[in-house]
Amino acid sequence: MAGVPEPHIGWTFLTNHARVLAAIADDRTTRIRDIAARCLLTERAVQKIITDLEEGGYLTHSREGRSNIYRIQPGTLLRHPAESSLSVADLLSLLARHERRHG
């Protein structure tokens with residue numbers, strides 16, 4: 001099927017949830033289609049991840065016409081016990097610094 005990314009074999013340092021959150025942080029009006037293309041995921045996977053992020057309190061959205069406007073909750077703490085003192089803002093700051101250096 002055209003447009004479906006190749007599956008990745010093995011582990012990665014960043015989760016798909018982190019990738020989607022970073023894509024939304026870059027453009028809070030981005031479309032699911034564009035997030036999927038950027039993150040090399042299917043649109044269905046991105047929809048599921050956005051639902052997870054909303055249910056976890058990391059993200060909200062509102063509708064403006066036919067578009068979604070996303071709002072990241074920067075103070076929400078990361079889920080894993082090893083990073084439980086770090087916020088979403090801390091994670092996004094780290095990813096943004098990497099993008100500035102290598103983007």
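User: How many helices and strands make up the secondary structure of the protein?
Analyst: Happy to start there! This is a predicted model, and its pattern along the sequence reads α-α-α-β-β-α. The secondary structure therefore comes to a total that follows from DSSP runs: four helices and two strands.

User: What share of the residues of the protein count as buried?
Analyst: A residue counts as buried when its relative accessible area is under 20%. The protein has 103 residues, and the share of them that count as buried is 28%.

User: Is Thr30 buried or exposed?
Analyst: Let's place Thr30 before we judge it: this residue is in the loop between α1 (16–26) and α2. Leaving aside residues up to four places away in sequence, Thr30 touches Ala23, Ile24, Ile35 and Tyr70. Its relative accessible area is 11%, and the cut-off for buried is under 20%. So Thr30 is buried.

User: And Leu40, is that residue buried or exposed?
Analyst: Leu40 also belongs to a loop, the one between α2 (32–39) and α3 (43–55). Its relative accessible area is 62%, and the cut-off for exposed is over 50%. So Leu40 is exposed.

User: What is the phi of Leu40?
Analyst: Here is a nice detail to look for. Most residues other than glycine have a negative phi. Leu40 is not a glycine, yet its phi is positive, at about 60°.

User: Which residue with a positive phi follows α3?
Analyst: Go to the end of α3 and look just beyond the helix. The residue there has a phi near 85°, and its name is Gly57.

User: What distance does α3 reach from its first C-alpha to its last?
Analyst: Start with the length in sequence: α3 has 13 residues. At 1.5 Å a residue, the expected span is 18 Å. The model comes close to that, as α3 reaches 18 Å.

User: Within what arc do the buried residues of α3 fall?
Analyst: The buried residues in α3 are Val46, Ile49, Ile50 and Leu53. Seen down the helix axis, they line one face, because they fall within an arc of 100°.

User: Which residues are exposed on the other side of α3?
Analyst: It helps to picture the two sides together. The buried residues of α3 pack against α1, α2, β1 (59–64) and β2 (67–72). On the other side, the exposed residues are Arg44, Lys48 and Glu55.

User: Are α2 and α3 roughly parallel or roughly perpendicular to each other?
Analyst: Their axes lie 8 Å apart, and the two helices pack at an angle of about 105°. Angles of 65 to 115 degrees count as roughly perpendicular. So α2 and α3 are roughly perpendicular to each other.

User: How do the residues of the contact of α2 with α3 divide?
Analyst: From α2 come Ile32, Arg33, Ile35 and Ala36, and they meet Glu43, Val46, Gln47 and Ile50 in α3. Sorted by kind, the residues of this contact are five nonpolar, one polar and two charged.

User: How far apart in space are Asn16 and Leu41, C-alpha to C-alpha?
Analyst: Asn16 is in helix α1 and is partly exposed, with a relative accessible area of 33%. Not counting residues up to four places away in sequence, Asn16 touches Leu41 and Ile49. Asn16 and Leu41 are 25 residues apart in sequence, while their distance in space, C-alpha to C-alpha, is 8.2 Å.

Definitions and conventions:
Residues are numbered from 1 along each chain as its sequence is written. This is a predicted model: local features need pLDDT of at least 70, side-chain atom pairs count only at pLDDT 80 or more; totals for chains, interfaces and linings use all residues. Side-chain values use heavy atoms; hydrogens and water are left out. Buried means under 20% relative accessible area, exposed over 50%, partly exposed in between (1.4 Å probe, protein chains only). Contact means heavy atoms within 4.5 Å. The expected span of a helix is 1.5 Å times one less than its number of residues. The arc is that of the directions from the helix axis to the C-beta atoms. Axes are lines fitted to C-alpha atoms, for helices over the stretch in contact, and angles run from 0 to 180 degrees between N-to-C directions. Angles under 35 degrees count as roughly parallel, over 145 as roughly antiparallel, 65 to 115 as roughly perpendicular and the rest as oblique. Ala, Val, Leu, Ile, Met, Phe, Trp, Tyr, Cys and Pro count as nonpolar, Asp, Glu, Lys and Arg as charged, and the others, Gly among them, as polar.
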